[in-house]
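I open this notebook with two topics to look up, salt bridges and the boundary between domains. I will write down each thing as I find it.

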Amino acid sequence: MDYEKLISPGAAQMRPSGIRKFFDIAAERKDCITLGVGEPDFKTPWSIREAGIKSLERGRTFYTSNSGLLELREEIAKYLNRRFNLHYSPKTEMLVTVGGSEAIDACIRALVSPGDEVLIPEPSFVCYHPITTLVGGTPVPIPLKNENAFRLTAEELKAAITPRTKLLIFPFPCNPTGAVMRQQHLEEIAEVLRGTNITVLSDEIYAELTYGNTPHVSIASLPGMAERTVVVNGFSKSHAMTGWRLGYACGPAPLIAAMTKIHQAAIMCAPTTSQYAAIVAMRDCDDEVVAMRDEYNMRRRFMMKRFEEMQLPCFEPEGAFYVFPDIRGCGLSSEDFCTTLLNESNVAVVPGNAFGDSGEGFVRISYAYSLQHLAEATKRIEQFLKKRRNA
């Protein structure tokens with residue numbers, strides 16, 4: 001069998017995840033400290049787990065509506081209104097998905113045709129590029145700059161737009177950089193987009209993990225932007241529900257209807273038990289979300305203090321739970337830095353170029369781990385850097 005000819009060009013061109021590469025290596029090493037995976041170390045709040053258990057005990061093990069339980073969609077609508085001033089019809093403008101990842105996939109599939117250009121600010125999450133190539137679209141990276149705090153500027157966006165531009169991926173708060181777009185930055189981006197036929201996929205999975213006195217603002221809440229924006233969110237990061245595999249997409253009814261058809265054919269519906277649990281997450285768990293965010297913020301400050309002590313440059317992230325230090329002064333590429341750190345110090349972090357070429361010279365470090373875990377890891381990193389500088 002000639003498998004190279006059998007595999008579709010779109011699938012063949014998909015690049016594998018650079019995150020999982022180092023995670024898989026680290027998993028096989030004894031006493032390895034991993035700071036590579038973006039997964040909360042908190043257990044899902046008990047009230048959410050209890051709701052899932054009760055749904056099983058009551059025999060609620062059947063398919064739900066393709067769009068998800070209406071009660072859940074109603075609670076999501078209330079939550080988005082309460083937290084982010086977003087207004088969506090639970091019946092026509094919302095789809096419950098298998099994690100935020102499925103929502104991203106369905107949105108790109110619904111919008112992008114072969115030859116369409118998809119603007120992807122990078123460094124950013126690893127899935128946008130391969131899904132775009134899978135459907136025959138053309139990924140157009142927009143390199144974000146450290147000196148701009150890894151924010152997308154209006155000038156950068158304008159320069160990337162062509163007559164073939166169909167979709168802008170808008171991944172803020174950003175994985176891997178922790179960059180955040182505040183309202184004044186969003187207004188500048190919105191001004192470029194108004195009057196065009198460009199749609200926005202706003203990945204807001206880290207919306208609740210925004211630090212400082214100013215809460216997250218969705219670009220969809222700005223005048224003229226809801227009609228061209230699909231907001232993707234979920235429960236994995238904010239509610240420590242990664243394994244429950246539940247997310248959602250909200251947007252204009254015609255776009256959500258197209259995404260729902262894809263979801264109907266490929267998935268049927270999101271996990272029933274997870275949906276019943278998520279009703280409680282949306283309705284009753286704002287305080288738990290704030291408590292987890294406060295803990296992440298403490299860890300964020302700890303990491304920045306340790307980087308300052310070891311003289312490792314790093315802009316201060318304002319969202320998510322990652323830091324993105326600049327390792328160019330070490331004389332190693334991102335890949336070599338991570339490989340050498342793993343081999344010599346038994347600490348696993350992710351090379352910045354796993355998130356796009358503009359991430360070269362940086363590494364992603366997750367602080368979704370205990371302070372004890374972070375303290376030992378940063379101690380090893382500091383020793384590693386001293387050894388490199390004294391070599």
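**Entry 1: a glutamate and its partner.** I began with glutamate 309, which is partly exposed, its relative accessible area being 42%. I keep in mind that I am reading a predicted model. Looking for a partner, I found that glutamate 309 forms a salt bridge with arginine 306, and that the closest N and O atoms of this pair are 2.7 Å apart. I then looked up where the two residues sit, and both lie in helix α12, three residues apart, which is about one turn of the helix. Arginine 306 has a relative accessibility of 11% and counts as buried, because the cut-off for buried is under 20%.

**Entry 2: a second partner for the arginine.** Which residue besides glutamate 309 forms a salt bridge with arginine 306? I found glutamate 382, with 2.9 Å between the closest N and O atoms. Glutamate 382 lies in helix α14 (residues 371-390) while arginine 306 lies in helix α12, so this pair ties together parts that are 76 residues apart in sequence. I also checked the accessibility of this pair, and both glutamate 382 and arginine 306 are buried. Following the shared partners, I arrived at one network of salt bridges that joins Lys305, Arg306, Glu309 and Glu382. As a reminder to myself, side chains of opposite charge can pair when their charged atoms come close.

**Entry 3: the whole structure, and a pair from distant loops.** How many salt bridges does a search of the whole structure find? The search gives 23. One pair that I looked up is glutamate 318 with arginine 151, where the closest N and O atoms are 3.4 Å apart. This pair links distant parts of the chain, since glutamate 318 is in the loop between α12 and β9 and arginine 151 is in the loop between β4 (138-143) and α8 (154-160), 167 residues apart. Are these two residues buried or partly exposed? Glutamate 318 is partly exposed, with a relative accessible area of 26%, whereas arginine 151 is buried, with a relative accessible area of 16%.

**Entry 4: the two domains.** I next looked up how the protein is divided, and noted domain 1 (3-44 + 287-390) and domain 2 (46-284). The centres of the two domains, taken over C-alpha atoms, are separated by 24 Å. At the boundary, 40 residues of domain 1 are in contact with 43 residues of domain 2. Between them the domains bury about 3400 Å², and 59% of this area is on carbon and sulfur atoms. On the domain 1 side, the residues that lose the most area to domain 2 are Thr44, Phe315 and Glu318, which together make up 23% of what that side buries.

**Entry 5: what meets across the boundary.** I wrote down a count of three salt bridges between domain 1 and domain 2. For polar contacts between the domains, the count is 18 residue pairs. I then asked which elements give two or more residues to the side of domain 1 that touches domain 2, and found α2 (9-13), α12 (286-309) and β9 (322-323). The largest share of that side comes from α12, with seven residues. Finally I sorted the residues of the domain 1 side by type, and they divide into 19 nonpolar, 10 polar and 11 charged.

Definitions and conventions: Residues numbered from 1 in each chain as written. Predicted model: local features only at pLDDT ≥ 70, side-chain atom pairs only at ≥ 80, totals over all residues. Heavy atoms only, no water. Domains from an automatic or database assignment. Contact = heavy atoms within 4.5 Å. Buried area = accessible area lost by both parts, 1.4 Å probe. Salt bridge = Lys/Arg side-chain N within 4 Å of Asp/Glu carboxyl O. Polar contact = N/O pair within 3.5 Å; in protein donor to acceptor, adjacent residues only side chain to side chain. Helix = DSSP H or I, 4+ residues; strand = E, 2+ residues; numbered from the N terminus. Nonpolar A, V, L, I, M, F, W, Y, C, P; charged D, E, K, R; others polar. Buried < 20%, exposed > 50% of the residue type's maximum accessible area, 1.4 Å probe, protein only.
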